[in-house]
Amino acid sequence: MSAHEMDQAQWEALCEQCGLCCFEKIEDEDGRILFTSTPCRYLDITTRRCKIYKKRFKVFPECVQLTPELVKELKWLHRSCGYKKAMRKGIL
Ligand code: SF4
């Protein structure tokens with residue numbers, strides 16, 4: 001099944017809820033991405049779940065809605081992210 005054939009639940013199930021994408025990141029002058037220990041204010045750091053998940057784009061417009069195209073493009077998405085893994089498996 002390709003990403004474009006997935007429904008929303010199947011797409012979201014690719015997320016492993018590690019929460020890594022919800023920490024602030026810095027890009028250095030060489031283009032390397034460094035993860036900080038500062039989480040998004042809406043991340044529950046114990047459960048690693050977003051506290052406003054269903055309304056996150058409304059409450060916090062800076063939150064990025066992942067798409068198959070973005071997963072391929074984004075350098076700051078961690079290598080261990082479920083979407084990056086799906087990309088390497090050829091699902092995306
Ligand atoms: S980094 Fe990937 S797997 Fe982890 S929470 Fe973010 S989208 Fe989900």
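The charged end of Arg 56 sits over the ring of Tyr 53, at 3.8 Å from the ring's centre. The model in which this contact appears is predicted. Its chain has a mean pLDDT of 95, and 100% of the residues reach 70 or more. Confidence is lowest in helix H1, where the mean is 94, and highest in strand E3 (residues 43-44), at 98.

**The largest pocket**

Arg 56 also belongs to the lining of the largest pocket. This pocket has a volume of about 1,000 Å³ and is lined by 38 residues. Those nearest its centre are Cys 21, Cys 22, Arg 56, Cys 63 and Val 64. Two or more lining residues come from each of H1, strand E1 (23-27), strand E2 (33-39), strand E4 (49-50) and H4. Sorted by class, the lining holds 23 nonpolar, six polar and nine charged residues.

**Aromatic pairs**

A pair of aromatic rings is described by two values, the distance of the centres and the angle of the planes. The count of aromatic pairs in this model is two. One of them joins Trp 11 and Tyr 83: the ring centres are 4.6 Å apart and the planes stand at 40°. Planes under 30 degrees apart would count as stacked and planes over 60 as edge-to-face, so an angle of 40° makes this pair tilted.

What does the pair of Trp 11 and Tyr 83 tie together? Trp 11 lies in helix H1 (residues 8-13) and Tyr 83 in helix H4 (residues 82-88), so the pair links parts that are 72 residues apart in sequence. Trp 11 and Tyr 83 are both buried. H1 and H4, the helices that hold these two rings, are also among the elements that give two or more residues to the pocket lining.

**Two residues with positive phi**

Gln 17 has a positive phi although it is a residue other than glycine, and the same description applies to Arg 48. Gln 17 is placed in the loop between H1 and E1, while Arg 48 is placed in the loop between E3 and E4. The table sets out their values.

| Residue | Phi | Relative accessibility |
|---|---|---|
| Gln 17 | near 55° | 35% |
| Arg 48 | near 65° | 31% |

Are these loop residues buried or exposed, or something in between? Buried means under 20% and exposed means over 50%. Gln 17, at 35%, therefore counts as partly exposed, and Arg 48, at 31%, also counts as partly exposed.

Note on methods: Residues numbered from 1 in each chain as written. Predicted model: local features only at pLDDT ≥ 70, side-chain atom pairs only at ≥ 80, totals over all residues. Heavy atoms only, no water. Phe/Tyr/Trp six-rings, centres within 6.5 Å; stacked < 30°, edge-to-face > 60°. Helix = DSSP H or I, 4+ residues; strand = E, 2+ residues; numbered from the N terminus. Buried < 20%, exposed > 50% of the residue type's maximum accessible area, 1.4 Å probe, protein only. Lys NZ or Arg CZ within 6 Å of the ring centre and 35° of its normal. 1 Å grid on protein atoms, 1.4 Å probe; cavity = no way out; pocket = protein on both sides within 12 Å on 5 of 7 lines; lining within 4 Å. Points joined across faces, edges and corners; volume = space filled by probe spheres on them. Nonpolar A, V, L, I, M, F, W, Y, C, P; charged D, E, K, R; others polar. pLDDT = per-residue confidence, 0-100.
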